[in-house]
Amino acid sequence: MTPTPMTTTPDARLAIRARATPEASAPGPTATAGPRDATAGGAGGRPAAHRIPPARTGADPAVRIPAQGGPAVATAGPAGATDAASADGDASGAPAPHDPCAHGFLPERPPVRSMIGTWTRLDAMAREAAVAPDRAGALAVVERAHRADELTALRQRVSRLSPRNAEAAAMRVAVIAVSCGWSALDPQAPAAREVANEAFLELWAAIAHRIDHDQFVALPTLALHNWAPERKPRRHIPIDQLARTEQLVPIVRWAPEGQPLSRLDRLMLAATRLEAHGIWLFRLADTLAGRAPDDSSTPTALRRLVRIQHALRAQLHSEAAELAAAPATDQQRAVLGALAEQGALEPPVLQAADAVLGIGGRRLGEGRRQHLRRHLPAQHRAWLSAMDRHCAPVRTLAHRGGPDAAVYREAQESLIALRRTYTALVHTAAAPTPGPFPEAA
């Protein structure tokens, strides 16, 4: 079960296009697909000061956006066609301006399936570490690469990586780090050198600096950059639609080639599909930003938020049976356990809902809330912080009475149920034997 897209009126479509300049616009196909009240009130729905601007990170050379705001025109081939771009020399490319209302926190384009040149060695190291029978096996992979001076060679080429290939390299470094039991380390801290391989730490720190994200080792990072469509799409389609409608496969498998996908593989793919199905939640979050509690559109948006969260919960339930039946190893359970201890498991889409409804801030404390977000890129954390501020008026409904307050509390309860369902899925992935899964509401 997926959230049912609702058509938008011409006025709503114009309002969506008016959100950003042509330079900051997201690809057109996704802009008109959101729920109607994602632009409630039309172009004058709320003051411009309350709109959440997309993070500016450059222009995507693969998409040309017409000056008149028409549909985006792909100037590159289908998803995955640019994987052959040089992983070493393409330092000029930059990701498109990031607007979570366009496709959530998914990457702007499909992740790089295979790196080339010298970076093929990092690809191979990640795959070897992922299928290592235990932590000692993964450590041996890193030590062999160190003795062959491969880590130093990669470190010297980090500055040549394009942003997209830097993200691909970061995902592979994350796989190696969690396989070796280093996911809690700060690669630049002196104490880390007493625990981890120094050459690997230097490569890790260099890539972290290249992508401006020093805490990228987490399940969301692994999941959102570790998938690819099983078949090559015939035409350019928006990234969230690609992840919703195509059969996905992991790029770095935690199960040997030729064997069924592991529970960890399936959990990461489930997190990716959850993000793709949660696109409507991001758009409704943007709608609620800056709304007054007594605004007539607020309860309507909250009701639709409830429906979307119920649909996301059903989506997770649809993943449960296959995940429970998949094989798992002690090493994979150790990986999940280590990430759980660090609060590095919660998908970004759930953090976006929490930024609107404010549950985590009260339950865990604001410091803990920021701790959960530290694994997200800087522009994603900035967007969530903006939502914290701009949705504060809506959260005052928690202290009121009446039907609008009841709708708000229902939205909170549906988010709590969604989080519990996701937690149950994680527990199933980490369990030594298949366990019971709560029934969908």
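A residue counts as buried when its relative accessible area is under 20%, as exposed when that area is over 50%, and as partly exposed in between. Keep this scale in mind during the tour, and remember that the model in your viewer is a predicted one.

**First stop: Arg-231 and Glu-246**

Select Glu-246, which counts as buried because its relative accessibility is 11%, a value under the 20% cut-off. Now add Arg-231, which forms a salt bridge with Glu-246, the closest N and O atoms being 3.1 Å apart. Arg-231 lies in the loop between β3 (228-229) and α10 (239-245), while Glu-246 belongs to the loop between α10 and β4 (248-249), so this pair ties together parts that are 15 residues apart in sequence. Unlike its buried partner, Arg-231 counts as partly exposed, since its relative accessibility is 48%.

**Second stop: Glu-257 and Arg-253**

Select Glu-257 and Arg-253, which form another salt bridge, with 3.9 Å between the closest N and O atoms. Which of the two is buried and which is exposed? Glu-257 is exposed, with a relative accessible area of 63%, whereas Arg-253, at 15% relative accessibility, counts as buried.

**Third stop: Arg-419 and Glu-346**

Move on to Arg-419, whose salt bridge with Glu-346 brings the closest N and O atoms to 2.9 Å from each other. This pair links distant parts of the chain, for Arg-419 sits in helix α20 (residues 403-430) and Glu-346 in the loop between α14 (330-341) and α15 (348-357), 73 residues apart. Both residues of this pair, Arg-419 and Glu-346, are buried.

Before leaving the salt bridges, select Arg-121, Glu-128, Arg-144 and Glu-150 together, and you will have a network of residues linked by salt bridges. In the model as a whole, the count of salt bridges comes to 16.

**Fourth stop: helix α14**

Next, select α14 and display its C-alpha atoms. At 1.5 Å a residue, the 12 residues of this helix should span 16 Å, and its end C-alpha atoms are indeed 16 Å apart, so the two values agree. Which residues of α14 are buried? They are Gln-331, Gln-332, Arg-333, Val-335, Leu-336 and Leu-339. If you now bring the surroundings into view, you will find that what covers these buried residues includes α5, α7 (163-179), α9, α11 (263-277) and α20. Just after α14, pause at Gly-343, where phi takes a positive value of about 65°.

**Fifth stop: Arg-313 and Arg-420**

Select Arg-313, which is placed in helix α13 (residues 297-325) and is buried, with a relative accessible area of 15%. Then add Arg-420, which is 107 residues away along the chain, and draw a line between the two C-alpha atoms, which are separated by 9.3 Å.

**Last stop: two aspartates in loops**

Most residues other than glycine have a negative phi. With that in mind, select Asp-149, which is found in the loop between α5 (135-147) and α6 (150-155), and check its phi, which is near 60° and therefore positive in a residue other than glycine. Finish at Asp-212, in the loop between α8 (198-211) and α9 (219-224), where phi is again positive, near 55°. Is Asp-212 buried or exposed? Asp-212 is exposed, because its relative accessible area is 59%, a value over the 50% cut-off.

Terms used: Residues numbered from 1 in each chain as written. Predicted model: local features only at pLDDT ≥ 70, side-chain atom pairs only at ≥ 80, totals over all residues. Heavy atoms only, no water. Helix = DSSP H or I, 4+ residues; strand = E, 2+ residues; numbered from the N terminus. Buried < 20%, exposed > 50% of the residue type's maximum accessible area, 1.4 Å probe, protein only. Salt bridge = Lys/Arg side-chain N within 4 Å of Asp/Glu carboxyl O. Expected span 1.5 Å × (residues − 1). Contact = heavy atoms within 4.5 Å.
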